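Hi,

Here is the structure I said I would pass on. Have a look first, and then read my notes on the charged side chains underneath.

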Amino acid sequence: SRDAHAKYSWSQPGFDHRCGSGRTNAGVAVEWIRDGKIPPEVNIVEPLWFENLYKDRIKGPVEIQGTISAKRATSYDYVVEWGPGVQPLDAEFKKIPGAEGTNIDGKVVTGASAPLAQLDLSTIDPKHERDKDSQKGENDNAITVRIRVKAHYPDLPDAVPGEYRRTYYVWTDPELLPGFPMTLRASLASSPKLVDDDGDGKRDV
């Protein structure tokens, strides 16, 4: 619902963080395949989903690693952007300097040998109006990186679009201790170990 006080979760036009871009229309998807309208392939692999990026600790720009390809197309264009929050509106996205290309040969895989973009955290301000369903500030420090691609086919009048996005959190923490944060690349979940901590003959959690 788009009513902030509705019974169901609030949403907005276009993309939102609960429903994405909406349900896939299977019939249209099959028609696109029939007509040769194959979307470009877009992917981001680094930084990881929802990674915390600390301005205090990161020296230099953050490399956005991933790939863009459209091997069935004649050529493609792309642009890498960022916007504040987990679901920025189109008008809120800003181009990352130097992170775009036009009329790239469809056989070329962009990102195979160099980062797709260099995100300068010193220029990033995640401040934005809180989402209607994030009023406790859960996403106050969130930003979204988005890649938009258009593949061009000789027999099609319009370009075929593709898109990928990923959310991160940008922080400034002057109290952050040396050596932190630590990226473990794994969870710390495990089964509890029961021991008798207080010597009463009963095991404690």
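**Charged pairs and a charged patch**

Aspartate 140 has a relative accessible area of 26%, so this residue is partly exposed. Keep in mind as you read that the model is a predicted one.

What does aspartate 140 pair with? Its side chain meets that of arginine 130 in a salt bridge, at 2.8 Å from N to O. The two are ten residues apart, and the pair is described as linking distant parts of the chain. Aspartate 140 sits in the loop between strand E6 (117-119) and E7, and arginine 130 is also in the loop between E6 and E7. Arginine 130 comes out as partly exposed because its relative accessibility is 37%.

As general background, side chains of opposite charge can pair when their charged atoms come close. In this model the count comes to seven salt bridges, and I'll go through two more of them here.

One is formed by glutamate 81 and arginine 146, whose closest N and O atoms are 2.9 Å apart. This pair also links distant parts of the chain, with the two positions 65 residues apart: glutamate 81 belongs to strand E4 (residues 75-84) and arginine 146 to strand E7 (residues 142-152). Are these two buried or exposed? Glutamate 81 counts as buried because its relative accessibility is 5%, and arginine 146 counts as buried too, at 4%. For both, the cut-off that matters is that buried means under 20% relative accessible area.

That pair has company, by the way: Glu81 and Arg146 are linked with Asp90 and Arg148 in a network of salt bridges.

The other one joins glutamate 100 and lysine 95, with 3.6 Å between the closest N and O atoms. Lysine 95 is exposed, since its relative accessible area is 53%, while glutamate 100 counts as partly exposed at 45%. The line between those two classes is drawn at 50%, because exposed means over 50% relative accessible area.

Last, a spot on the surface. Which residues gather in a patch of negative charge there? They are Asp196, Asp197, Asp198 and Asp200. If you want to find the patch in the viewer, start from aspartate 197, which lies in the segment after strand E8 (160-171). Aspartate 197 counts as exposed because its relative accessibility is 60%.

Happy to talk any of this through.

Cheers

Technical notes. Residues are numbered from 1 along each chain as its sequence is written. This is a predicted model: local features need pLDDT of at least 70, side-chain atom pairs count only at pLDDT 80 or more; totals for chains, interfaces and linings use all residues. Side-chain values use heavy atoms; hydrogens and water are left out. Patches are made of residues with over 30% relative accessible area and no salt bridge: like charges are joined within 9 Å, nonpolar side chains (Val, Leu, Ile, Met, Phe, Trp, Tyr) within 5 Å. Accessible areas come from the Shrake-Rupley method with a 1.4 Å probe; for residues, only the protein chains shown count as cover. A salt bridge is a side-chain nitrogen of Lys or Arg within 4 Å of a carboxyl oxygen of Asp or Glu. Lys and Arg count as positive and Asp and Glu as negative; His and the chain ends are not counted. The place of a charge is taken as NZ of Lys, CZ of Arg, CG of Asp or CD of Glu. Helices (H or I, at least four residues) and strands (E, at least two) are DSSP runs, numbered from the N terminus. Buried means under 20% relative accessible area, exposed over 50%, partly exposed in between (1.4 Å probe, protein chains only).
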